Amino acid sequence: MTMTDPIADMATRIRNAHKARHEKVEVPASKLKLEIVRVLKAEGYIKNYKLIQDKRQGVLRIFLKYDADRQPVIQGIQRLSVPGRRLYAGAFDLPSIKQGLGIAVVTTSKGVMTDQEARREHVGGEPLIAVW
């Protein structure tokens with residue numbers, strides 16, 4: 001069976017793994033997912049990630065991050081632009097997540113970055129996921 005929205009699948013796997021208090025979660029790899037996870041690590045939402053090559057597309061192992069009270073660092077993760085309804089926004093029309101306490105991961109002509117970086121670079125794009 002083919003998957004229609006692999007980014008939403010990755011977000012759901014992360015959300016479910018956090019609820020079950022798992023240390024890591026594995027998702028099928030792709031270049032876009034790798035870039036999204038790179039942004040999440042740079043922003044401090046996950047501990048680390050590792051790309052594991054296999055004979056197919058590879059597996060992306062994401063190590064989840066918890067605070068001192070064993071509460072997940074990612075309180076929420078949500079898909080913004082979906083295949084059935086694509087969203088595009090200019091540099092200053094990008095969504096602000098939780099009044100700036102969260103981030104939107106945006107794909108732009110200059111690569112995948114956060115909404116704050118996109119505003120700083122003056123580029124718009126497609127907001128993929130919101131994380132808070």
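The points below describe the fold, the sheet, the helices packed on the sheet and one buried histidine in a predicted model.

1. Overall make-up. The protein contains 3 helices and 7 strands. Read from the N terminus, the elements follow the order α-β-α-β-β-β-β-β-α-β. The radius of gyration is 15 Å, and the globule rule gives 14 Å for 132 residues; these values are close, so the protein is as compact as a globular protein of that length.

2. Extent and surface. Along the principal axes, the C-alpha atoms occupy a box of roughly 40 × 35 × 25 Å. About 7600 Å² of the protein is exposed, with 51% of this area supplied by carbon and sulfur atoms. Buried residues make up 39% of the 132 in the protein.

3. Contacts along the chain. Taking the contacts in the protein with a separation of 6 or more, 61% are between residues 24 or more positions apart.

4. The sheet. An open sheet is built from 4 strands, ordered β4-β7-β5-β6, with antiparallel pairing. The edge positions belong to β4 (77-79) and β6 (111-114); each has a single partner strand, so one side of each lacks a neighbour in the sheet. On average, neighbouring strands of this sheet are turned by 25° against each other, with direction ignored.

5. The β4-β7 pair. Strand β7 covers residues 125-131 and is joined to β4 by 3 bridges, the two strands running antiparallel. Within β7, Ala130 is the bridge partner of Gln78.

6. Helix α1 on the sheet. Residues 6-19 form helix α1, which packs on the sheet and touches both β4 and β7. The direction of α1 makes about 165° with that of β4.

7. Helix α2 on the sheet. Helix α2, made of residues 31-42, lies across three strands: β5 (103-108), β6 and β7. The angle between α2 and β6 is about 30°. Strand β7 is thus named in the packing of α1 and again in that of α2.

8. His18. This residue belongs to helix α1. Is His18 buried or exposed? Its relative accessibility is 4%, and the cut-off for buried is under 20%, so His18 counts as buried. Leaving aside residues up to four places away in sequence, His18 touches Leu64, Lys65 and Tyr66, and also Pro72, Val73 and Ile74.

Key:
Residues are numbered from 1 along each chain as its sequence is written. This is a predicted model: local features need pLDDT of at least 70, side-chain atom pairs count only at pLDDT 80 or more; totals for chains, interfaces and linings use all residues. Side-chain values use heavy atoms; hydrogens and water are left out. Two strands pair if DSSP finds at least two bridges between them. Axes are lines fitted to C-alpha atoms, for helices over the stretch in contact, and angles run from 0 to 180 degrees between N-to-C directions. Contact means heavy atoms within 4.5 Å. Buried means under 20% relative accessible area, exposed over 50%, partly exposed in between (1.4 Å probe, protein chains only). The radius of gyration is taken over C-alpha atoms; the globule rule is 2.2 Å times the number of residues to the power 0.38. Accessible areas come from the Shrake-Rupley method with a 1.4 Å probe; for residues, only the protein chains shown count as cover.
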